[in-house]
Amino acid sequence: MIDWPRVTELREEVGAEDFGEVVEIFLEEVEEVIGKLQGGDHSQLEQDLHFLKGSALNLGFEEFSALCLKGEQKSAHGKAEDVDVPLIIANFETSKSAFLTGLSEKF
């Protein structure tokens with residue numbers, strides 16, 4: 001679910017002091033888009049999923065990123081109605097929980 005080697009790499013790249021801020025900004029930005037999707041605003045679904053995919057991959061949320069990629073591809077091919085947005089949202093919540101728990105255990 002979480003690519004811990006990627007998380008460690010990012011933490012080393014930005015430094016331990018700035019890593020917490022990177023995580024905080026990531027969660028704020030992603031939760032804003034997730035909130036939009038939860039509210040039923042799918043007007044920019046392809047773009048929103050593209051943003052979520054990239055952000056998630058950068059911070060090691062592998063499974064969530066893969067789901068966003070699949071949804072983005074469906075949206076790009078005119079099949080936005082086939083995107084399982086509730087699954088994507090649920091996976092984010094599960095991934096976020098695993099990530100925060102792992103952070104407290106690993107760092």
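**Salt bridges, core and surface charge**

Glu13 is exposed, with a relative accessible area of 52%. In the predicted model described here, the side chain of Glu13 meets that of Arg6 in a salt bridge, with an N to O distance of 3.6 Å. The two partners differ in their cover: Arg6 counts as buried because its relative accessibility is 15%, under the 20% limit, whereas Glu13 counts as exposed because its 52% is over the 50% limit. The pair does not stand alone, since Arg6, Glu9 and Glu13 are linked in a network of salt bridges. The count for the model comes to five salt bridges.

Two further salt bridges link distant parts of the chain, and each may be followed from one helix to another. The first to consider here is formed by Glu31 and Lys96, whose closest N and O atoms are 2.4 Å apart. Glu31 lies in helix 2 and Lys96 in helix 5, with their positions 65 residues apart along the chain. How buried or exposed are these two partners? Glu31 is partly exposed, at 32% relative accessibility, while Lys96, at 19%, counts as buried. Lys96 falls in the buried class because the limit is under 20%.

The other such pair is Glu72 with Lys53, where the side chains meet at 3.0 Å from N to O. Here helix 4 supplies Glu72 and helix 3 supplies Lys53, and the two residues are 19 apart along the chain. Both Glu72 and Lys53 are buried.

Attention now turns to the nonpolar interior. The largest nonpolar core has 28 residues, of which Phe19, Leu52, Leu59, Phe61, Phe64 and Phe99 touch the most other members. Which elements give two or more residues to this core? They are helix 1 (4-14), helix 2, helix 3 (45-58), helix 4 (62-76) and helix 5 (85-106). Helix 2 gives the most, with eight residues.

The surface carries a charged feature as well. A patch of negative charge gathers Glu17, Asp18, Glu21, Glu24, Glu28, Glu29 and Glu32. One of these residues, Glu21, has its place in helix 2, which spans residues 16-38. Helix 2 is also the element that gives the most residues to the largest nonpolar core, and it holds Glu31 of the salt bridge to Lys96.

Several individual positions in helices 3 and 4 complete the picture. Within helix 3, His50 is partly exposed, with a relative accessible area of 44%. The C-alpha atoms of His50 and Ser95 are separated by 18 Å, and these residues are 45 apart along the chain. Asn58, also placed in helix 3, is partly exposed at 40% relative accessibility. From Asn58 to Leu27, 31 residues apart along the chain, the C-alpha separation is 12 Å.

Glu63 is found in helix 4. Why does Glu63 count as partly exposed? Its relative accessible area is 38%, so it falls between the 20% limit for buried residues and the 50% limit for exposed ones. Glu63 and Gly40 are 23 residues apart along the chain, and their C-alpha atoms are separated by 22 Å.

Key. Residues are numbered from 1 along each chain as its sequence is written. This is a predicted model: local features need pLDDT of at least 70, side-chain atom pairs count only at pLDDT 80 or more; totals for chains, interfaces and linings use all residues. Side-chain values use heavy atoms; hydrogens and water are left out. Patches are made of residues with over 30% relative accessible area and no salt bridge: like charges are joined within 9 Å, nonpolar side chains (Val, Leu, Ile, Met, Phe, Trp, Tyr) within 5 Å. Accessible areas come from the Shrake-Rupley method with a 1.4 Å probe; for residues, only the protein chains shown count as cover. A salt bridge is a side-chain nitrogen of Lys or Arg within 4 Å of a carboxyl oxygen of Asp or Glu. Lys and Arg count as positive and Asp and Glu as negative; His and the chain ends are not counted. The place of a charge is taken as NZ of Lys, CZ of Arg, CG of Asp or CD of Glu. Helices (H or I, at least four residues) and strands (E, at least two) are DSSP runs, numbered from the N terminus. A nonpolar core is a set of buried Ala, Val, Leu, Ile, Met, Phe, Trp, Tyr and Cys residues joined through side-chain atoms within 4.5 Å. Buried means under 20% relative accessible area, exposed over 50%, partly exposed in between (1.4 Å probe, protein chains only).
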